[in-house]
Amino acid sequence: MARFRCFQSIQRFRWDYLKDSLQVPQGQLFTEGVSSQWSNQDLAPTPPEERKWTYWTFAAFWTAHASDATAWTAGSATVALGLTWWQAWLALNVAHMIGTILIVANGRMASRYHVGFPVCARVSWGMWGSYMAVAMRAVICIIWNGVNTFYAGRLVDVCLQCIWPSWALVANTLPESAGITTRELTGFIIAWFIFQCLTFIHPRDLKWFYVAKSVIVLTAMHGILAWWMRKNGGVHFPSQNSTQLSGTTRAWLWMQAFNSGFGAVSSLTVNQADIARYAKSPNDQLWGQIFVFPLASALPGLFGVLVASASQEMYGAPLWNLWDVTQKMLDQYPQNSGARFGIFLAAGSIALALIGVNLATNCLPFGSDVSALFPKYMNIQRGQFLCCLLGLAIAPWKILQNGTTFLAFLAGYGYWLAPVAAIIFVDYFFIQHGNIVIAELYNGRPGGLYWYKRGWNIRAPIITVLALIPCLPGFAWTISDHVNISLNAARLSTLSYVVTFPHCDPASDPRLSTSSFILTYAIAASMYWTSYRIWPKTSTPNEQFEFIANVVDGEEASIELEDIEKPLSDKLSIRECPSV
């Protein structure tokens with residue numbers, strides 16, 4: 001019996017030691033006794049020494065983000081709608097401008113108080129209610145992470161052919177039921193491994209990665225464009241018959257093109273806080289994005305239009321996605337090693353762009369979300385690593401093989417997140433007046449400022465459900481062939497956004513052209529604001545906008561000044577001390 005008890009004690013010690021070793025460092029701001037529930041080092045406000053992102057970092061980040069396959073394909077796909085090239089391009093640019101304003105607005109709270117999306121959500125959703133907003137975002141990050149990695153793998157396959165031309169002749173040893181070939185699986189694993197290595201780096205330390213990526217990727221896209229323009233002797237746009245369309249038809253086609261552009265930025269309205277928290281000052285995230293992103297995103301969309309039109313003239317069918325574009329370029333040079341090296345650099349750069357976008361829009365948000373869901377054992381880096389593992393586990397090629405319906409559901413997922421973005425925006429600017437009590441964001445006790453009713457601000461989930469109802473029929477139509485709706489209902493859903501899938505031809509499947517972010521966002525924002533006009537807060541907020549943030553900034557500046565002056569005063573005291 002004594003031996004058994006001794007064995008139990010040893011096992012208990014080992015288990016307790018294992019649990020303690022797996023815990024992550026806790027944050028500085030927490031309520032005594034519940035710190036493991038509401039705070040850890042990544043959920044706590046970013047300290048001043050870790051706020052490394054300047055104006056130029058944000059400018060480079062958004063330039064790099066804009067230069068990706070999604071923006072390119074959105075541009076090339078809009079030509080098929082029947083608009084002239086300039087009408088399609090104008091629609092994309094207007095969408096990016098509006099999207100940028102929403103992104104910057106939802107990054108304001110994070111740049112002022114230096115907390116990520118899960119903590120920002122506590123202000124408007126309540127301590128427990130924020131878990132609903134966090135969970136809504138986390139699941140989709142896993143799926144898109146896997147899909148984007150698969151896309152990067154297709155470009156890695158082109159790179160392997162550039163290095164070893166015989167790679168194109170490798171036989172497929174996998175069964176048809178696998179949904180992927182040997183070459184595609186190899187490219188995916190290589191892209192996944194590179195991506196997995198980058199997840200070990202904390203997002204705040206990736207600023208130079210994004211600076212380098214912005215230069216490399218834009219250079220590669222210019223090179224691809226120059227090759228096609230030279231090969232085709234310029235370009236002539238086939239869709240110049242827009243004047244034959246009726247005004248109503250042209251307006252709805254323009255709206256579809258607008259949606260195509262907005263799809264690339266809509267999810268960033270809820271992801272922005274996880275990046276903006278590292279801003280050195282609030283103006284860095286404002287001016288580093290508000291002009292740069294619309295300008296940077298205009299180029300890939302235009303390049304996509306030009307190359308799709310050139311490939312249409314040369315081969316009779318437009319090339320929509322960049323791995324097909326680079327593969328067609330490679331096919332022209334079976335023996336030219338110099339040309340193959342150039343194509344290797346181009347395809348590798350675009351693969352790098354997809355990996356960079358994956359890091360910022362999927363891994364980082366997922367890392368923040370699981371850090372909030374399991375703060376005792378998860379931080380952002382562990383969450384990023386887990387997201388990458390799960391992206392492999394879901395076998396994304398199966399999703400792409402089976403699934404226009406499922407992909408349409410993913411496209412409409414931004415529709416589900418629209419109320420979340422709208423509620424956080426309205427609450428910060430018009431309800432809280434920019435005044436957030438940081439310590440209360442980690443107070444999980446009844447009576448806390450953001451506890452509301454049993455940890456829920458009941459307005460948020462109710463308004464979320466109500467705002468989703470008007471466009472729900474259109475969303476159901478996009479994911480089911482058995483749902484029939486009227487033309488007006490379909491057009492109602494078109495007042496929204498679309499995510500263009502690089503492997504699909506949007507012109508052949510109108511279901512990929514509907515979803516309802518903008519309309520749902522507007523409904524949720526107006527309903528949330530109205531609810532506080534009818535049932536105002538019991539506590540009166542400070543009417544001076546961001547008064548608390550200004551006080552916090554002043555306190556931090558005083559502490560920094562003391563830290564600078566203290567060594568100087570110590571030296572003076574030593575110098576003035578009389579000799580013995």
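# Helix packing and burial in a predicted model

Of the 580 residues of the protein, 54% count as buried. The model is a predicted one.

Visitor: How many helices and how many strands does the protein have?

Guide: The secondary structure can be given as two counts. Strands number 0, and the count of helices is 26.

Visitor: What share of the contacts with a separation of 6 or more comes from residues 24 or more positions apart?

Guide: The set in question holds the contacts in the protein with a separation of 6 or more. Within that set, residues 24 or more positions apart account for 83%.

Visitor: Which helix gives the most to the largest nonpolar core?

Guide: The largest nonpolar core has 139 residues, and Ile224 and Trp228 are those with the most contacts inside it. The helix that gives the most to this core supplies 20 residues and spans residues 130–163; this is helix α8.

Visitor: Which residues does Trp228 touch, not counting residues up to four places away in sequence?

Guide: Trp228 is one of the two residues named for the most contacts inside the largest nonpolar core. Not counting residues up to four places away in sequence, Trp228 touches Val307, Ala310, Ser311, Met314, Tyr315, Leu319, Val325, Lys328 and Met329.

Visitor: Are α8 and α16 roughly parallel or roughly antiparallel?

Guide: The axes of α8 and helix α16 (residues 322–331) come within 9 Å and cross at roughly 10°. Angles under 35 degrees count as roughly parallel, so α8 and α16 are roughly parallel.

Visitor: Which residues of α16 make the contact with α8?

Guide: On the α8 side, the contact is made by Tyr151, Arg154, Leu155, Val158, Gln161 and Cys162. By class, the contact of α8 with α16 has 7 nonpolar, 3 polar and 1 charged residues. The α16 side consists of Leu322, Trp323, Thr326, Gln327 and Leu330.

Visitor: Are α9 and α18 roughly parallel or roughly antiparallel to each other?

Guide: Helix α9 (residues 182–198) and helix α18 (residues 380–393) have axes that come within 10 Å and cross at roughly 170°. Angles over 145 degrees count as roughly antiparallel, and α9 and α18 are therefore roughly antiparallel.

Visitor: How many charged residues are there in the contact of α9 with α18?

Guide: From α9, Phe188, Ile189, Trp192, Phe195 and Gln196 meet Phe385, Cys388, Leu389, Gly391 and Leu392 in α18. The residues of this contact divide into 8 nonpolar and 2 polar, and the number of charged residues is none.

Visitor: Is Gln384 buried or exposed?

Guide: Gln384 is found in helix α18. Among its contacts beyond four places in sequence are Thr199, Ile201 and Pro203. Its relative accessible area is 1%, and buried means under 20%, so Gln384 is buried.

Visitor: Why is α3 largely enclosed by the rest of the structure?

Guide: Helix α3 (residues 55–66) reaches 16 Å from its first C-alpha to its last, close to the 16 Å expected. Its buried residues include Phe58, Phe61, Trp62 and His65. The helix is largely enclosed because, of its 12 residues, the number buried is 10.

Visitor: How are Gly356 and Lys213 separated in space, and what is the C-alpha value?

Guide: Gly356 is found in helix α17 (residues 337–373) and, at 1% relative accessibility, counts as buried. Leaving aside neighbours within four places in sequence, Gly356 is in contact with Phe209, Tyr210 and Lys213. Gly356 and Lys213 are 143 residues apart along the chain, and their C-alpha atoms are separated by 7.9 Å.

Methods: Residues numbered from 1 in each chain as written. Predicted model: local features only at pLDDT ≥ 70, side-chain atom pairs only at ≥ 80, totals over all residues. Heavy atoms only, no water. Core = buried A, V, L, I, M, F, W, Y, C linked by side-chain atoms within 4.5 Å. Buried < 20%, exposed > 50% of the residue type's maximum accessible area, 1.4 Å probe, protein only. Helix = DSSP H or I, 4+ residues; strand = E, 2+ residues; numbered from the N terminus. Contact = heavy atoms within 4.5 Å. Expected span 1.5 Å × (residues − 1). Axes fitted to C-alpha atoms, helices over the stretch in contact; angles between N-to-C directions. Parallel < 35°, antiparallel > 145°, perpendicular 65-115°, else oblique. Nonpolar A, V, L, I, M, F, W, Y, C, P; charged D, E, K, R; others polar.
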